[in-house]
Amino acid sequence: MISFTVTALVFGVVFLAELPDKTALAGLVLGTRYRASYVFAGVAAAFALHVALAVAAGSVLTLLPQRIVQALTGVLFLAGAAVLLLKKGEDEEEVRSPENQSFWKVAGAGFMLILVAEFGDLTQIMTANLAARYDDPLSVGLGAVLALWAVAGLGIVGGRALMKRVPLRLITRVAALLMVGLGVWSLAEAVS
């Protein structure tokens, strides 16, 4: 059974953490050059694969004693918050473009771009932490994949307009604050 609360929490945390990431920019660049639906199909498939790997890794962590898992996830959330707060602005990365507009070339370019760029990314690590924290792989996986798809969709369709209205610094700080809260909560549960 899927927990709406866990799914919503994961969606919010992952969405805010991914929004200022290079993925939205990459989706924006690909979306301005190619058919949006083709780009989204490739990007969505790559994110689904990343979430499946992260949830599997987080589920393995649940085999450890609960206090160790809580302490480990607490430390990793705090480390993730530090990464967000200390991250400098990233330069635009050049996107290699497919030679034509065929579905497979465009979707393949989007898939490969996300597969390589997001492997071991902060949100993938956060998803593994959340899967370990809540021991609810379906709810965590659903929340994470929906958040990543939403960010990709925003990036593809209108990322530039959103970034003009909501300061990137504010989004990053809110995501970091949520991660600090989750980290402190996990550490407090590990100690008590």
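Let's start with helix α6, where the buried residues are L122, T123, Q124, M126, T127, A128, N129, L130, A131, A132 and R133. Please keep in mind throughout that this is a predicted model. Eleven of the 13 residues in α6 are buried, so the helix is largely enclosed by the rest of the structure. You'll notice that the list isn't just aliphatic side chains: Q124, N129 and R133 are among the buried ones too.

What about the geometry of α6? The helix covers residues 122–134, and at 1.5 Å a residue those 13 residues should span 18 Å. The end C-alpha atoms are 18 Å apart, which agrees.

Now step just past the end of α6, and you meet D135 with a positive phi of about 45 degrees. That's one to click on, since D135 is not a glycine. Where does D135 sit? It belongs to the loop between α6 and α7. And is D135 buried or exposed? With a relative accessibility of 52%, D135 counts as exposed, because the cut-off for that class is over 50%.

Let me zoom out for a moment. The chain has eight helices and zero strands, so if you read along from the N terminus, every element you come to is an α. There are 192 residues, and 44% of them are buried. For those of you who think in contact maps: among contacts with a separation of 6 or more, 93% join residues 24 or more positions apart. As for the outside, the accessible surface of the chain is about 9900 Å², and carbon and sulfur atoms account for 69% of that.

A second helix to look at is α3, residues 36–61. Its 26 residues reach 37 Å from the first C-alpha to the last, close to the 38 Å expected at 1.5 Å a residue. Which residues of α3 are buried? They are Y38, V39, G42, V43, A44, A46, F47, H50, V51, A54, V55 and G58. When you look at the spacing there, remember the usual rule: an α-helix has 3.6 residues a turn, so residues three or four places apart point the same way.

Next, over to helix α1, residues 4–18, which is home to F11. This residue makes a nice long-range link: the C-alpha atoms of F11 and G143 are separated by 4.3 Å, though the two are 132 residues apart along the chain. Setting aside neighbours within four places in sequence, F11 is in contact with G143, L146, A147 and A150. F11 has a relative accessibility of 30%, so it counts as partly exposed.

F11 also takes part in a nonpolar surface patch, together with I2, L138, L142 and L146. Those residues have about 410 Å² of accessible area together. Which helix gives the largest share of the patch? That would be α7, residues 137–165, with three residues.

Staying in α1, let's visit T7. In contrast to partly exposed F11, T7 is buried, with a relative accessible area of 10%. A polar atom of the T7 side chain lies 2.9 Å from the backbone oxygen of S3. Beyond its neighbours within four places in sequence, T7 is in contact with I2, S139, L142 and G143. So which residue turns up in the contact lists of both T7 and F11? It's G143, which is in contact with T7 and with F11.

That's my tour, thanks for listening!

Technical notes: Residues numbered from 1 in each chain as written. Predicted model: local features only at pLDDT ≥ 70, side-chain atom pairs only at ≥ 80, totals over all residues. Heavy atoms only, no water. Helix = DSSP H or I, 4+ residues; strand = E, 2+ residues; numbered from the N terminus. Buried < 20%, exposed > 50% of the residue type's maximum accessible area, 1.4 Å probe, protein only. Contact = heavy atoms within 4.5 Å. Areas by Shrake-Rupley, 256 points an atom, 1.4 Å probe, with all protein chains shown as cover. Patch = residues over 30% accessible without salt bridge, like charges linked within 9 Å, V, L, I, M, F, W, Y side chains within 5 Å. Salt bridge = Lys/Arg side-chain N within 4 Å of Asp/Glu carboxyl O. Expected span 1.5 Å × (residues − 1). Polar contact = N/O pair within 3.5 Å; in protein donor to acceptor, adjacent residues only side chain to side chain.
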